[in-house]
Amino acid sequence: MLARLKGKMAFSAIVVTLRLRSAVAVAAVCLSIWLIACASGVPPPEACADDDRELRLGFYAYFAPVSHSADGEEGSPGFDVHQGYEADLLTALEAMDGVRVSFSRRGIGSWDDIWLASVGPEFDVIGGGITVLGSRTRDAQGREAVVFTSGHIAFRQSLLVRAEDESRFTDYNDVTSDVQVGALAGTTGEARLLELTGLTNSNGALVAGAIIETPRGEVVADGASNYRITAAGASENLAGRRRIRPSADNMPEVVYFGNQLGETELLAALSDGRIDALARGEVGNREAEHASGDAFVVALLDDAVERGGFTFDVADAALAACLSDRIDFLTDEMTVGYADWLQDPSVFMRRAEIWNGRQ
């Protein structure tokens, strides 16, 4: 009897052991499957739209090679033909299974608060090398108006100069009152230039004594927030600013071009000597450096890194989030980016094909 009991106990122990091992094995398999799914970048299976939907895309027309028109003349047939890095990224996005959106594209020539243009009757989504900033999600009344997608491209601000002047600029301390820097109002290029050269503090308040030329006449900053410029906007009394003259010798003069033809006007001003440098993102400045046949060079680079994304109305936040998952896949969480696209413009479409093969 005792032997029989011991035998049953031993058998039960074996069964328990086997069941535990089986449970552990099943858990390990499940964990492996989960890890593989995560590593593959496959997001939840929900579609980004219940039915096929055409989104009205407004893109900035003058930020080559990130986003630009085939023809920079507004009103021409080519003005609404989208080209560049973002154009190819969005085309690949359209081709992904489960996205169910397409983009009808229109060029936008004006930069002013362009990210807010996704709110209103004209556009559903806005692109054009727009830096993702929390301050850019709010309208003039401070209300949350737009949401950004995931970042899809990395930027650093930079200073483009004529090649013969490169030795003048070793760091931003060399950008003094005898230097005229061109900028496009409302961009991160403008905001970072002003901060890096001491013309504004970290909150965007212009230094006391700076003179700002506006269409309504000159105004003098008092060092308070009444005279403020950030990448998300500026004080109303600085709207249409044409020039900032510094209050100290260790700060540059800032000249505003680009109201009509964006960066095209700024590059022309640098070429003919109306300005000594151009403050904008490294990607655009590197392209200009290459296109100039080395007549221009990128002399200075900002240490801060920014990310560019697309904006949607807050009412479309769920759609933006779903598309963000797909954008993250196309860029492999931003490990595939501008340099890869420059080498092979089909890189995003090939990523879309990988996605479609996994679904």
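Over the ring of which residue does the charged end of Arg 351 sit? Point 3 takes this up.

1. **Overall make-up.** This is a predicted model. The protein has eight helices and 19 strands. Of its 359 residues, 46% are buried. Sequence-distant contacts feature strongly in the count: among contacts between residues at least 6 apart in sequence, 67% join residues at least 24 apart.

2. **Nonpolar cores.** Nonpolar side chains tend to be buried together in soluble globular proteins. Here the largest nonpolar core holds 62 residues, and Leu 93, Leu 323 and Phe 348 touch the most other members. Helix H6 (residues 317–330) gives this core its largest share, seven residues. Leu 93 is worth opening up in the viewer. Leaving aside residues up to four places away in sequence, Leu 93 touches Val 99, Phe 103, Leu 323, Arg 326, Ile 327 and Leu 330. There is also a second, separate core of 28 residues. Among its members are Val 179, Val 181, Ile 244 and Ala 279.

3. **Charges over rings.** Now the opening question. The charged end of Arg 351 sits over the ring of Phe 329, and the distance to the ring centre is 4.4 Å. Arg 274 is placed in a similar role: its charged end sits over the ring of Phe 257, 4.9 Å from the centre.

4. **Arg 274 and its partner.** Arg 274 also has an acidic partner. Its side chain meets that of Asp 272 in a salt bridge, at 3.0 Å from N to O. Are these two residues buried or exposed, or in between? Asp 272 has 47% relative accessibility, so it counts as partly exposed. Arg 274 is partly exposed as well, at 40%.

5. **Aromatic pairs.** The structure has ten aromatic pairs. Take Phe 63 and Phe 155. Their ring centres are 6.0 Å apart and their planes meet at 45°, so the pair is tilted. The pair links distant parts of the chain, 92 residues apart. Phe 63 lies in strand E2 (residues 62–63), and Phe 155 lies in strand E8 (residues 153–155). Both Phe 63 and Phe 155 are buried. Elsewhere, ring pairs join Tyr 60, Tyr 62, Phe 79, Trp 111 and Trp 115 into a cluster.

6. **Salt bridges across strands.** Side chains of opposite charge can pair when their charged atoms come close. A search of the whole structure gives 23 salt bridges. One of them joins Arg 245 and Glu 218, at 3.1 Å from N to O. This pair links distant parts of the chain: Arg 245 is in strand E15 (residues 243–245), Glu 218 is in strand E12 (residues 217–220), and 27 residues separate them in sequence. Arg 245 is partly exposed, with a relative accessible area of 25%. Arg 245 and Glu 218 also belong to a network of salt bridges, together with Glu 213, Arg 243 and Glu 253.

7. **A bridge between a buried and an exposed residue.** Glu 164 forms a salt bridge with Arg 162. The closest N and O atoms are 3.9 Å apart. The cut-off for a salt bridge is 4 Å, so this pair falls within it. How do the two ends differ in accessibility? Glu 164 counts as exposed because its relative accessibility is 59%, whereas Arg 162 is buried at 11%.

8. **Asp 174 in its loop.** Where is Asp 174? The residue is in the loop between strand E9 (157–162) and strand E10 (180–183). Asp 174 is partly exposed, with a relative accessible area of 25%. Its side chain makes a polar contact with the side chain of Thr 170, at 2.6 Å. Not counting residues up to four places away in sequence, Asp 174 touches Arg 168, Phe 169 and Val 179. Val 179 also appears in the second core. Asp 174 and Asn 250 are 76 residues apart in sequence, yet 7.9 Å apart in space, C-alpha to C-alpha.

9. **Helix H5 and what follows.** Which residues of helix H5 (residues 282–291) are buried? They are Glu 282, Val 283, Gly 284, Asn 285, Ala 288 and Glu 289. Just after H5 comes Gly 293, which takes a positive phi of about 70°.

Key. Residues numbered from 1 in each chain as written. Predicted model: local features only at pLDDT ≥ 70, side-chain atom pairs only at ≥ 80, totals over all residues. Heavy atoms only, no water. Phe/Tyr/Trp six-rings, centres within 6.5 Å; stacked < 30°, edge-to-face > 60°. Helix = DSSP H or I, 4+ residues; strand = E, 2+ residues; numbered from the N terminus. Buried < 20%, exposed > 50% of the residue type's maximum accessible area, 1.4 Å probe, protein only. Lys NZ or Arg CZ within 6 Å of the ring centre and 35° of its normal. Contact = heavy atoms within 4.5 Å. Polar contact = N/O pair within 3.5 Å; in protein donor to acceptor, adjacent residues only side chain to side chain. Core = buried A, V, L, I, M, F, W, Y, C linked by side-chain atoms within 4.5 Å.
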